[in-house]
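Student: Could we go through this model together and check the labels against their cut-offs?
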Amino acid sequence: MGPIRESFIFEFLYCHLSLEASCSSVRILNIAFIPENLSWISFTLTAFFWIFVFINAALVGVLMLIWGERRLIGKFQARLGPNRWGPLGLFTPVADAIKVMFKEDIEPTLSDKLIYVLAPILMVVPVFMIFPVIPYGTKTFLTNISVGVVFVLAITSINSLSVLMAGWASGNRFAIIGGIRAVAMLLSYEIPMGISAAGVVIVAGSLSLSEVVNNQVIPNAIFQPLGFITFLIASTAELNRSPFDITEAESELVAGYMTDYSSMKFGLFYLGEFMATIASSAIIVTFYFSGWRGPSFIPSEIWFLAKWIGVIAIFIWFRATFPRLRIDQIMSLAWKGLFELSLINVLVLALMIAIWPDPSGIQLLIMTLINWVVFFLSIYIFGKILSPNLTGNKITKRSVVYGLD
Amino acid sequence: MSTELVTMNIGPIHPSTHGVFRMRVTFDGETIIDAEPIIGYLHRGSEKLAEERTYTQIVTLTDRMDYTASMTNNQAYILSVEKLSGITPSDRGVWLRMIAAELQRIAAHSVAIGFLINDLGAWHTPLLYLLREREKILELFEMMCGARITNSYLRPGGVFMDAPDEFWPSLNKFLDDMPNRLDDIENLLTDNEIILARTQNVAILKKEDAINASITGPMLRASGVDWDLRHRNPYDYYEKISFRRPLGTVGDNNDRYLVRLHEIRESLKIVEQCLDLIEPGPVKPEEVPFLVRPPEGESYVPIEAPKGELGFYLVSDGGISPFRCHVRAPSLINLTLLRDMVIGYKIADLFVTFGSIDVNMGEVDR
């Protein structure tokens with residue numbers, strides 16, 4: 001029960017159930033009734049309550065995201081977006097969910113039944129595990145595990161397995177191509193993602209997510225822009241979102257790995273994807289936007305929520321704007337661009353931290369300045385000088401000529 | 001490591017086959033080894049049906065061939081009928097149908113560019129911007145003839161009714177507004193790094209190959225051949241109009257996109273010139289009978305439709321309906337080179353190339 005008792009929201013409920021002596025300071029109402037020697041009951045009850053709350057919050061969050069994404073993309077695309085069901089179309093995702101549940105569940109004859117059923121479950125379940133470890137506020141977190149950074153990176157990479165399983169088990173050629181693409185792409189993008197996260201860990205001096213937030217005096221997005229850009233791009237790829245949505249590429253592979261899924265199995269994929277977007281945004285807020293930190297006249301939870309919505313909006317913006325990259329371009333972007341950029345970021349940070357292990361305010365500002373110089377320099381070198389040779393396709397800005405009379 | 005080729009049926013029901021096109025594609029991993037186009041899923045026998053209809057009724061059949069460019073289909077057919085039966089069209093009728101045809105070209109190219117970018121995976125944003133502009137043209141058509149897509153506006157000798165008074169201010173407003181919207185589209189797309197990387201040097205069509213395969217339209221001009229029937233073989237009053245013909249330099253997917261975009265700008269200029277030259281008068285000569293009965297003979301008038309050279313070959317035996325009607329459909333002939341263009345490229349390039357050819361299955365199968 002060690003680290004979980006540090007959590008305020010856990011402790012609060014626990015102390016209103018258990019008569020433990022150590023709890024009396026937390027208790028506001030005197031309603032506790034479970035004796036101290038049965039504390040495991042109060043522990044289990046509290047845990048179940050919070051699991052229930054977190055899962056439902058995640059599901060409601062997905063519904064809100066589906067609605068928000070549609071409304072926002074509607075605005076991007078000069079149309080209204082959903083507006084029929086409920087105020088501002090808020091109930092549209094509910095109607096969607098009902099529709100998906102009542103669809104006929106089809107199992108293709110060629111499918112590998114067990115894996116076919118397991119794949120959508122594997123898509124959704126791991127994502128739930130990210131939410132409890134994120135610090136949402138000064139005291140609002142469920143658990144603070146000491147290897148939080150590694151944990152979230154590990155959990156977010158499970159979905160590539162699910163995608164491969166779905167593609168393989170469907171027995172459909174569109175699906176298998178989607179699945180193979182997913183493995184190639186997701187595994188490649190794990191690496192720049194992990195290396196960029198190492199930059200965050202170097203600055204924080206700890207793998208715990210709470211410490212990462214506590215030690216971010218300057219938000220990492222400003223402090224190490226190179227790491228932020230590589231992490232953002234890599235997590236867009238991890239999420240299979242545009243411009244990296246080659247695994248489900250509608251215009252090429254119909255729906256990629258989920259072509260043969262219907263009914264609630266498809267619903268689970270849909271749910272998993274949107275939930276992964278929410279979870280990844282929370283990770284980005286924690287890593288790069290200094291989590292719940294902000295001027296204290298607004299509660300820390302509100303700060304976190306605002307930043308969270310902002311990052312989700314960035315992802316939606318990406319989706320509305322960019323066309324899709326081709327598979328070879330995606331791979332060369334990962335291996336010949338992001339990989340090196342994230343390495344440069346880590347090297348520069350490590351050097352500076354080695355020189356100033358405990359930087360003061362002015363030293364932090366100097367480090368930020370150096371990071372920005374490195375950022376512009378390396379982006380210029382990679383983007384303008386090296387990129388035509390890297391991608392193998394020499395891009396020139398062209399115009400038309402006109403026929404002579 | 002031993003690998004296996006995968007053969008896949010793409011279509012006839014697939015999000016980016018622009019209708020009901022089917023390809024049997026063989027892949028080696030992600031690389032295309034072979035692509036066999038299979039057509040005929042939208043065959044409605046329009047050419048045979050034409051033998052049972054009067055010359056005026058056939059106009060409605062032509063609407064449904066290339067349903068993104070009904071006006072130019074009408075125009076190609078009517079020009080052929082006029083040549084067959086020796087009808088001289090009225091001035092105002094010709095100007096009206098030129099305005100209609102150029103507006104239709106803008107609409108058709110908007111659809112072509114929009115769906116090309118959609119095939120690139122752009123989540124409908126540029127498509128919807130372009131469809132919004134197309135919508136304005138459809139509203140103009142609605143004012144002209146009451147229909148938006150299947151217009152049936154043209155008749156032997158001109159058009160069936162004059163555009164109403166409120167049409168002209170709306171058209172002027174559209175012409176003023178459209179260049180700005182095109183600038184928006186160019187800002188969004190033309191120098192977009194991802195679009196450049198995806199489309200440049202992909203599916204290059206050489207000049208000689210294009211001419212040998214009798215490719216026409218923007219696809220031919222993207223390969224650098226200055227061949228526009230409005231300029232080379234002017235029909236209607238195109239010789240009174242001056243316009244430039246945008247040509248590509250390489251002949252890849254990016255050039256096909258650029259040529260279409262610049263043709264929209266030229267079409268706008270043509271409409272403006274038509275507006276200067278149009279004069280009041282009858283839209284159709286009085287002496288043209290409702291039931292056209294051309295003398296025995298045959299005629300073929302090629303026109304520059306949005307997708308290429310479109311012509312109706314009509315044979316008359318002196319009756320009220322043609323003895324034989326054959327359509328030279330640009331979509332079908334442009335599609336024949338798809339296989340040669342995509343071999344060796346990646347799966348994703350197949351759809352982009354297909355989108356850049358800009359076929360319309362209604363016209364391919366007829």
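Tutor: Sure, here is a run through burial, strands, the chain contact and the core.

Tutor: First, this is a predicted model, in which local features need pLDDT of at least 70 and side-chain atom pairs count only at pLDDT 80 or more, while totals for chains, interfaces and linings use all residues. Residues are numbered from 1 along each chain as its sequence is written, and chains are lettered from A and ligands numbered from 1 in the order in which they are written.

Student: Why is L335(B) called buried?

Tutor: A residue is buried if 20 or more other C-beta atoms lie within 10 Å of its own, exposed if 12 or fewer, and partly exposed in between, with C-beta atoms placed from the backbone. L335(B) has 21 such neighbours, so it counts as buried.

Student: And what does L335(B) touch, beyond residues up to four places away in sequence?

Tutor: P37(B), I357(B), V359(B) and V364(B). Contact here says that the two C-beta atoms, placed from the backbone, lie within 7 Å. L335(B) itself sits in helix α12 (residues 330–335) of chain B; helices (H or I, at least four residues) and strands (E, at least two) are DSSP runs, numbered from the N terminus.

Student: N201(B) and N240(A) both caught my eye. What makes N201(B) partly exposed?

Tutor: N201(B) has 17 C-beta neighbours inside 10 Å, so it lands in the partly exposed class. It lies in the loop between α7 and α8 (207–212) of chain B, and has a positive phi of about 60 degrees although it is not a glycine.

Student: Is N240(A) buried or exposed?

Tutor: Buried, because 25 other C-beta atoms lie within 10 Å. N240(A) also has a positive phi of about 60 degrees without being a glycine, and its loop runs between α10 (225–238) and α11 (250–253) of chain A.

Student: How do you know that α14(B) is mostly covered?

Tutor: Just count: eleven of its eleven residues are buried. Among them are D349(B), F351(B) and G355(B). Right after α14(B) comes D358(B), with a positive phi near 60 degrees.

Student: On to strands. What makes β1(B) and β2(B) a pair?

Tutor: Two strands pair if DSSP finds at least two bridges between them. β1(B) and strand β2 (residues 22–28) of chain B have five, and run antiparallel, so they count as paired. One of the bridges matches M8(B) with V25(B).

Student: How many bridges do β2(B) and β3(B) have?

Tutor: Seven, again in the antiparallel sense. R22(B) has I38(B) as its bridge partner there. The two strands form a hairpin with two residues between them, and G29(B) in the turn has a positive phi of about 65 degrees.

Student: What is the strand order of that open sheet?

Tutor: It has three strands in the order β1-β2-β3 (chain B), with antiparallel pairing. Its edge strands are β1 (6–10) and β3 (31–38) of chain B, since each pairs on one side only.

Student: How many bridges join β1 of chain A to β6(B)?

Tutor: Two, linking strand β1 (residues 401–402) of chain A with β6(B) in antiparallel fashion. That reaches the cut-off of at least two bridges, so they pair across the chains. V401(A) stands opposite L247(B).

Student: How many residues are in contact between the chains?

Tutor: 42 residues of chain B are in contact with 34 of chain A. On the chain B side, α7(B) gives the largest share, six residues. By class, that side has 20 nonpolar, twelve polar and ten charged residues; Ala, Val, Leu, Ile, Met, Phe, Trp, Tyr, Cys and Pro count as nonpolar, Asp, Glu, Lys and Arg as charged, and the others, Gly among them, as polar.

Student: Which residues touch the most other members of the largest nonpolar core?

Tutor: A166(A), F231(A), M275(A) and I284(A), in a core of 204 residues. A nonpolar core is a set of buried Ala, Val, Leu, Ile, Met, Phe, Trp, Tyr and Cys residues joined through C-beta atoms within 7 Å. Helix α4 (residues 91–119) of chain B gives the most to this core, with 17 residues.

Student: Why does this core lie between domain 1 and domain 2 of chain A?

Tutor: Domain 1 (8–47) and domain 2 (103–323) of chain A both give residues to this core, so it lies between them. Those bounds come from an automatic or database domain assignment. The C-alpha centres of the two domains are 35 Å apart.
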